[in-house]
Amino acid sequence: MSKNVSELQSAKQFLMINGEKIETTKYASLFSPYSGEEIAQIAMADKEVTQKAIEAAYNAREVMAKMPAYKRAEILEKVVALLIEKADEAAEIITRESAKPIMFSKAEVARTIETYKFAAEEAKRIHGETIPFDAAVGGVGRIGYTVREPIGVIGAITPFNFPMNLVAHKVGPAIASGNTIVLKPASQTPLSALFIAELFSDAGLPAGALNVVTGPGGTVGEAIVEDERVNMVTFTGSPSVGIGIRNKAGLKKTTLELGSNSALIIDKDIEIDQIIDRCIMGAFSNQGQVCISLQRVYAHEEVYEEFVKKFTAATKQLKIGNPFDPETYISALISKGEAERVAGWIEETKGSKANIAAGGKLKDGILEPTIITDAEHNLKVSCQEAFAPVVVVNKVGSVEEAVREVNNSRFGLQAGIYTNSVKNALFASQELHVGGVMINDVPTYRVDQMPYGGVKESGTGREGIKYAVEEMTEMKLIVWNHS
Ligand code: NDP
């Protein structure tokens, strides 16, 4: 561990408001989810302090709205350069606060760098279009075009599972499009957000453009959602909190990136050896705490037995333990409470015809990667979001049946199908009711420029820099009368 990280984490962590580090009256200890040791003291904001951050963002909105595109791009490019320089430190911070195995934290930092790079590039191509006014009788003698203007103050509320890259998916496009932000990171993972805020400050972002407020979701989050000076709320997190935000947001624009119980279909003609590694990554990376984690597999009866056998064997090989060990694949879930919740869901399957093919137990506080076969739809491990290293594998007689099973869900974020049949791939792409269909890959596939978001209880709106910029800007029409 580098000296910088230990210094950062032993110290008290302040809020970042109007370009300054701000003390609060209350602090809370932040503990490592893996070792239980205290890693930092985090400032706890109340409603009044949150309102100060909103005021700072409100006051800075003119400066940001008037900043030329090349300058916004330059700041984002500087953040990219600083993050490349500090990549190891950044990965250590993620692992320390979230217990994400270091190999996945490094991958998250690499993606965060790409996300800010995409934001820097996108800053330079935000534009409207000309409208053919004379296509209408009443439009003759008029010229018109649209422009995209920043929306103003954006309230960004982020979850614990990708504490750096999911912050980037909000801060990157917001800065690219000339907005200001009040960011409320998840209480378990504030260090990544504070680290990034420092990089923005070093990169020359004006004071007040990015404010970070740590503290309880109910207090800080609600103060952001209810404030009239906030023009948009962009939220990534659980469906229950997301729905609550939507209900309180009134006419504010809202983007909600929520959960899912993502599924994969495996057709009969698939070479099983070729897909096991992707299924392992899909189901178990970051302990399954991924919104598009592979939670349900529907395998054709002709390949089902082979898949279960090989997937189980590979799962049993995964190294469990200290997240700082470069070989570790599975470590602790974000909290003891979460581990106990999922252990309860696994326990529920024991009273059914389901069978635990791998894992199923808590070992030294870490949930083993778990495979459950023949799980009925109404079991929690099937129909709710597990957000843990748990995957159910069921047998189906056809792709049509599999598609029906995948769609039998409250959620609809992404789905995948492995098939060599063009007909079945096309059928699945048309019939799956989700935000994204991955042909010949797991539903867990994501790169950061692609449009990303869900249907049903998986949310509304899209991220992926270009698409987030669309959400974060208002279209204005300008019409010239030259007749
Ligand atoms: P939570 O919904 O518990 O928390 C998300 C954020 O909301 C946190 O910052 C939290 O603060 C805050 N919050 C809590 N209560 C309120 C409130 N009343 N008003 C406003 N904000 C509030 O989610 P998790 O952090 O546990 O993240 C896991 C969830 O995120 C999963 O459901 C997962 O699927 C989803 N997710 C979705 C993604 C997508 O892109 N679709 C990507 C990644 C995750 P605090 O921590 O202080 O409680």
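These legends go with several close-up views of a predicted model.

**View 1. Two domains of one chain, side by side.**
Let's start with the overall layout. The domain assignment splits the protein chain into domain 1, made of residues 3-258 + 458-478, and domain 2, made of residues 263-447. Their C-alpha centres are 31 Å apart. Where the two domains meet, 26 residues of domain 1 are in contact with 28 residues of domain 2.

**View 2. The surface shared by domain 1 and domain 2.**
The size of an interface is often given as the accessible area lost when the parts come together. Here, domain 1 and domain 2 bury about 2,200 Å² between them, and 65% of that is on carbon and sulfur atoms. Which residues of domain 1 lose the most area to domain 2? They are Tyr-34, Phe-160 and Ser-458, which together make up 25% of what that side buries. Between the domains there are zero salt bridges, but eight residue pairs are in polar contact. On the side of domain 1 that touches domain 2, helices α4 (87-98), α5 (102-122) and α6 (165-176) each supply at least two residues. The largest share of that side, five residues, comes from α4.

**View 3. The largest nonpolar core.**
In soluble globular proteins, nonpolar side chains tend to be buried together. The largest nonpolar core in this model has 54 residues. Look for Leu-83, Tyr-116, Val-171, Leu-183 and Phe-200, the residues with the most contacts inside this core. Helix α7 (residues 190-202) gives the largest share of the core, eight residues. A second, separate core has 33 residues, including Cys-279, Ile-280, Tyr-329 and Ile-371.

**View 4. Tyr-116 and its neighbours.**
Now zoom in on one residue of the largest core. What does Tyr-116 touch, not counting residues up to four places away in sequence? Its neighbours are Leu-76, Val-79, Val-80, Leu-83, Val-167, Ala-168, Val-171, Gly-172, Ile-196 and Phe-200. Three of these names may look familiar: Leu-83, Val-171 and Phe-200 are, like Tyr-116, among the residues with the most contacts inside the core.

**View 5. Helix α8 and what surrounds it.**
Helix α8 covers residues 217-226, and its buried residues are Val-220, Gly-221, Ala-223, Ile-224 and Val-225. These buried residues pack against two helices, α2 (47-66) and α9 (239-248), and against strands β8 (153-157), β9 (180-184) and β11 (232-236). Is Gly-217, also found in α8, buried or partly exposed? Gly-217 is partly exposed, with a relative accessible area of 38%. Leaving aside neighbours within four places in sequence, Gly-217 is in contact with Lys-184 and Glu-222. The C-alpha atoms of Gly-217 and Ser-260 are 21 Å apart, and the two residues are 43 residues apart along the chain.

**View 6. Asn-211, a buried residue in a strand.**
Asn-211 sits in strand β10 (residues 210-212). With a relative accessible area of 0%, Asn-211 is buried. The side chain of Asn-211 reaches the backbone nitrogen of Asn-18 at 2.8 Å. Beyond neighbours within four places in sequence, Asn-211 is in contact with several residues, among them Met-16, Ile-17, Ala-53, Ile-181 and Leu-183.

**View 7. A salt bridge between distant parts of the sequence.**
Side chains of opposite charge can pair when their charged atoms come close. The structure holds 23 salt bridges. One of them joins Lys-170 and Glu-463, whose closest N and O atoms are 2.6 Å apart. Lys-170 lies in helix α6 and Glu-463 in the loop between β24 (459-460) and α16 (465-471), so this pair ties together parts that are 293 residues apart in sequence. Both Lys-170 and Glu-463 are buried.

**View 8. More salt bridges.**
Glu-338 and Arg-341 also meet in a salt bridge, at 2.7 Å from N to O. Both residues lie in helix α12 (residues 336-349), three residues apart, about one turn of the helix. Glu-338 is partly exposed, at 22% relative accessible area, and Arg-341 is partly exposed at 22%. In another pair, the side chains of Lys-363 and Glu-368 form a salt bridge at 3.3 Å from N to O. Glu-368 is buried, with a relative accessible area of 10%. Finally, Asp-273, Glu-306 and Lys-310 are joined into one network by salt bridges that share partners.

Note on methods:
Residues are numbered from 1 along each chain as its sequence is written. This is a predicted model: local features need pLDDT of at least 70, side-chain atom pairs count only at pLDDT 80 or more; totals for chains, interfaces and linings use all residues. Side-chain values use heavy atoms; hydrogens and water are left out. Buried means under 20% relative accessible area, exposed over 50%, partly exposed in between (1.4 Å probe, protein chains only). Helices (H or I, at least four residues) and strands (E, at least two) are DSSP runs, numbered from the N terminus. Contact means heavy atoms within 4.5 Å. A nonpolar core is a set of buried Ala, Val, Leu, Ile, Met, Phe, Trp, Tyr and Cys residues joined through side-chain atoms within 4.5 Å. Domain bounds come from an automatic or database domain assignment. Buried area is the accessible area (1.4 Å probe) that two parts lose on being put together, summed over both. A salt bridge is a side-chain nitrogen of Lys or Arg within 4 Å of a carboxyl oxygen of Asp or Glu. A polar contact is a pair of N or O atoms within 3.5 Å; within protein, one must be able to donate a hydrogen and the other to accept it, and residues adjacent in sequence count only if both atoms are side-chain atoms.
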